[in-house]
Number of protein chains: 4
Amino acid sequence: GRPLVVGKHTLASRLIVGTGRYDTMDQMRDSLAASGADCVTVAVRRERLYDREGRNILDFIDGDRYTLLPNTAGCFNATDAIRAAKLGREILRTLGNPGADWVKLEVLGDSKTLLPDPIETVAACRELVDDGFSVLCYTSDCPVTALKLKQAGAASVMPAGSPIGSGQGLLNINNLRIILEYLKDDDPDYPVIIDAGVGTASDVSDAFELGADGVLLNTAIAHARDPILMASAMKHAAIAGRQAFLAGRIPRKLYGTASSPTEGVISTRPYGSQA
Amino acid sequence: GRPLVVGKHTLASRLIVGTGRYDTMDQMRDSLAASGADCVTVAVRRERLYDREGRNILDFIDGDRYTLLPNTAGCFNATDAIRAAKLGREILRTLGNPGADWVKLEVLGDSKTLLPDPIETVAACRELVDDGFSVLCYTSDCPVTALKLKQAGAASVMPAGSPIGSGQGLLNINNLRIILEYLKDDDPDYPVIIDAGVGTASDVSDAFELGADGVLLNTAIAHARDPILMASAMKHAAIAGRQAFLAGRIPRKLYGTASSPTEGVISTRPYGSQA
Amino acid sequence: GRPLVVGKHTLASRLIVGTGRYDTMDQMRDSLAASGADCVTVAVRRERLYDREGRNILDFIDGDRYTLLPNTAGCFNATDAIRAAKLGREILRTLGNPGADWVKLEVLGDSKTLLPDPIETVAACRELVDDGFSVLCYTSDCPVTALKLKQAGAASVMPAGSPIGSGQGLLNINNLRIILEYLKDDDPDYPVIIDAGVGTASDVSDAFELGADGVLLNTAIAHARDPILMASAMKHAAIAGRQAFLAGRIPRKLYGTASSPTEGVISTRPYGSQA
Amino acid sequence: GRPLVVGKHTLASRLIVGTGRYDTMDQMRDSLAASGADCVTVAVRRERLYDREGRNILDFIDGDRYTLLPNTAGCFNATDAIRAAKLGREILRTLGNPGADWVKLEVLGDSKTLLPDPIETVAACRELVDDGFSVLCYTSDCPVTALKLKQAGAASVMPAGSPIGSGQGLLNINNLRIILEYLKDDDPDYPVIIDAGVGTASDVSDAFELGADGVLLNTAIAHARDPILMASAMKHAAIAGRQAFLAGRIPRKLYGTASSPTEGVISTRPYGSQA
């Protein structure tokens, strides 16, 4: 299938994985490998780059294998997020990593639910775009905010399926459908990536079956009982969901021989259309 | 991972696929290959074995590659189903196919919804078991009927996720959980296979994530816009779901930092237990 | 609105309530009154008719106010259920209560889940109908079994929304829709009563909005923190749901100005049809 | 039960109904009466106050019976909404209606989905609060925006269950639970009113059962086949849902005798707590 294109980057795998919350650096490294991802996201706030033994997470991520996507996790206002984005750019430029030109923008509204702040996110996105960044914006599933972010120049809008680390999967299919309809109207290649909320493999497939272009996840792998096996599950789930979307699923009916499907809207594209 | 064992048969893939409803025999053959299945089920009523041009479906299924699972599709009472099962055994014995000793029992309640008839199914199961068959029983998601079938000697109970061809996926997770709890209590290796209702890839993953041992499907591939691509999606979805089940998913919470999960029962086994 | 007619009985309220599981007889009596029901069901096995202090439950139910519906709760095979039905008839004849001619048939499959046994239920229904009873049959949400019960002469089929006492509401809307379609086809007045599984008021409304003719419940009131207040909630929920069904709800859409509804099947009757 | 208190207003009914989209003024008047509401909301943009025959909607609403809640429907930015709010105040002052001191603030993000604009809503709320208004803020189900609105001084936050006129009910229970937890933490009487998305009676009960203090709806009544009957359904559904919330529902379990409930979080208050 076609690769995922975001800004200047072309990704063979449509799964982007995080690097936080692992028990050990070795476990992280092996999980990244098992996930099949070729892009990994790293929090660039200094306190997150080093583990308890003072080792730098970047020493455990093969820069030849993975494109790094710096993120602004842990920032609660536009100012902090912009500072973190610039720090990430500086670090990656020093490393010669091609991820220096993009950033995953994450501006949180509070420390309890880790839900995004729409106002600060839009403000930070505008400023980072002006500063030349290719911005991938983490946001809620609010279609109005999603559209504002695209209009602000975001290279990708990344709606949450559910709160970070909640494992609830996609809670509001209706809003995600509206976002896909909004952002891809007259611009079908605009990348929409579901970020946050994945709990298990079928959640990843659900996202692709709706028409999402990519999925970003972290806790569902890092906190599984067996992270490496779960990483492999997620790899297969991404392929399964994307292929199922492209293959054009059968309609849902009350029973197989019923004359009409139970839902008029199965996906954002008409049944049988070419993706 | 461990293979799926049903009766004397050991299957490398946990996906069993049907052979009906394809546009052409070639499309069927290529879809079977793409699905990764090593077991395919074939209706043995004479009118279903031949296509419009008089070609026998069995000539398009490589007997060295696939174990055949004869099924009694199209039967509406125990007598007809038993007759069809015996015919299947006879045909497969003639072909020297190892599938001669087992049968997928399907006794339908009516021709409109294609839902199974619990009373006729239990009666037919008893008689086929007595006759030496290894019986895989298609049934509804009713836990009481499922238990009766196991007690009648079924080699596997195969509850429907939703009506045949409906594409609704798993409609009653609660009943499926009770079935898994009932049938695997003190007998964790007893094979439970979800049969019927799959619409798309994530439905297959859902079944395995619940703890099912296998999934049987047909229409979701055969009537997809691109059956071969959908077959590949199903292959990956089976691996994804099974691995995710074994890997032990994270609990669902209201938000990531919440102190207690929103559901006490995530799977039929305690979180973190070995499968 | 029109009353609910089952056999010879005409009920002003479409809510039928049970009499078990209350802390005290007084609490039961007051909850029945608050529910607005004019029909209450009573288990007729001897051990259930008396409380710890040896008082007979029937002394706390005003026979002038309520029609009694004897039930066979606690029976696990057809023989026991038939015996209990006859005992109930005898008791109510002695009391001169008009409920002597009908029975709520309940034949359970096991003591853990309290799910109904389809085979024993059909057998008992046939025999009780032959014996002149007006039989209201508790059953699962299996459409094939529901149709068999109607064909066996049941005065009403009473599918479970979910297991007795589970409080899960209506778990399989699809099956309930098929049951309504099956049983009311060419016979729109045939009474279908949802029995078991109600957890709270909205579950009762859900049942009526689907097109059910009545709802029977017990635990959701008896085990609520405040049973009398919950009984009142259920009274209003039954009215709300029935009126909403008759009033013809708006279709579901992705958003209000969308051109097509998201579901083709909102109820078992076309939108806007007269009930 | 206790009345709903918002700002200086005390409402006997917890249902607030709109006045738009009716076929005729008479139908509107009769539906308002049947709903049992004592507060009705009216759009104050001039083009919405008059019907095709030039009659003023306010002439059909008995000012002695109903408290009017002016709303800013049809406004797409803060400036327009503020202007509409002031116009409403002026009109109601002239009429001597007590609704002059409050406003339902609605600032929409686009004309297709009628979803609210979080940034413009927060800005308008701040300015209206500064100007002395008691502001009831229509918003999405985003908890971060909801909290910002409360912090901006909103007298009530009114999250949408689903898009205006969509009839989808409550799409994201998880977010609504977080909003209730956020806004009522240390302030249990703070009024949260579900506004928009109701399709039928059970949706209203769902909202109250979650712990909402009120529900505002319009299309579900005005566009029902029989608006007056649906208005009555909504009246009962509000009572049913509120009473069920106060009565403390039973927990959900896999089956009735299961040892643990399937969900740890049934409501925003511990099971059995006093509301």
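# Close-ups of helices, salt bridges and interfaces

**View 1. C:D80 is partly exposed at a relative accessible area of 30%, and C:R83 pairs with C:D80 in a salt bridge.** This is a predicted model, so local features need pLDDT of at least 70 and side-chain atom pairs count only at pLDDT 80 or more, while totals for chains, interfaces and linings use all residues. Residues are numbered from 1 along each chain as its sequence is written, chains are lettered from A and ligands numbered from 1 in the order in which they are written, and side-chain values use heavy atoms, with hydrogens and water left out. On the accessibility scale, buried is under 20% relative accessible area, exposed is over 50%, and partly exposed lies in between (1.4 Å probe, protein chains only). C:R83 counts as exposed, at 52%. The closest N and O atoms of C:R83 and C:D80 are 3.2 Å apart; a salt bridge here puts a side-chain nitrogen of Lys or Arg within 4 Å of a carboxyl oxygen of Asp or Glu. Both residues sit in helix 3 (residues 78–95) of chain C, and because they are three residues apart, about one helical turn separates them. Helices (H or I, at least four residues) and strands (E, at least two) are DSSP runs, numbered from the N terminus.

**View 2. D:R83 and D:D80 form a salt bridge in chain D.** Here the closest N and O atoms are 3.1 Å apart. Once more the spacing is three residues, this time in helix 3 (residues 78–95) of chain D, so the two are about one helical turn apart. D:R83 is exposed at 53% relative accessibility, whereas D:D80 is partly exposed at 30%. Over in chain A, salt bridges that share partners tie A:D26, A:R29 and A:D30 into one network.

**View 3. B:D187 meets B:K150 in a salt bridge between distant parts of chain B.** N to O, the gap is 2.9 Å. B:D187 lies in the loop between helix 6 (173–184) and strand 9 (193–195), B:K150 in helix 5 (residues 143–151), and 37 residues separate them. Both ends are partly exposed: B:D187 has 27% relative accessibility and B:K150 has 21%. Searching the whole structure turns up 48 salt bridges over all chains.

**View 4. Chain D meets chain A with four salt bridges across the interface.** One of them joins D:E181 to A:K112, with the closest N and O atoms 3.3 Å apart. There are also ten residue pairs in polar contact (both at pLDDT 80 or more); such a contact is a pair of N or O atoms within 3.5 Å, and within protein one must be able to donate a hydrogen and the other to accept it, with residues adjacent in sequence counting only if both atoms are side-chain atoms. On the chain D side, helix 4 (118–130), helix 5 and helix 6 (173–184) each bring at least two residues to the contact. The chain D side has twelve nonpolar, six polar and six charged residues. About 2000 Å² is buried between the two chains, 61% of it from carbon and sulfur atoms; buried area is the accessible area (1.4 Å probe) that two parts lose on being put together, summed over both.

**View 5. D:K148 is a buried lysine, at 17% relative accessibility.** D:K148 sits in helix 5 (residues 143–151) of chain D. Not counting residues up to four places away in sequence, D:K148 touches A:D117, A:I119 and D:V122, where contact means heavy atoms within 4.5 Å.

**View 6. C:Q243 is buried, with a relative accessible area of 17%.** This residue belongs to helix 9 (residues 227–247) of chain C. Leave aside neighbours within four places in sequence, and C:Q243 contacts D:L229, D:S232, D:A233 and D:H236. Along the chain, C:A231 is twelve residues away from C:Q243, and the two C-alpha atoms are 19 Å apart.

**View 7. Chain B and chain A bury about 3900 Å² between them.** Carbon and sulfur atoms hold 55% of that area. B:R225, B:I250 and B:Y255 supply 17% of what chain B buries against chain A, more than any other three residues. The rule finds zero salt bridges across this interface, but 29 residue pairs are in polar contact. Helix 9 of chain B gives the largest share of the chain B side, twelve residues.

Methods
Ala, Val, Leu, Ile, Met, Phe, Trp, Tyr, Cys and Pro count as nonpolar, Asp, Glu, Lys and Arg as charged, and the others, Gly among them, as polar.
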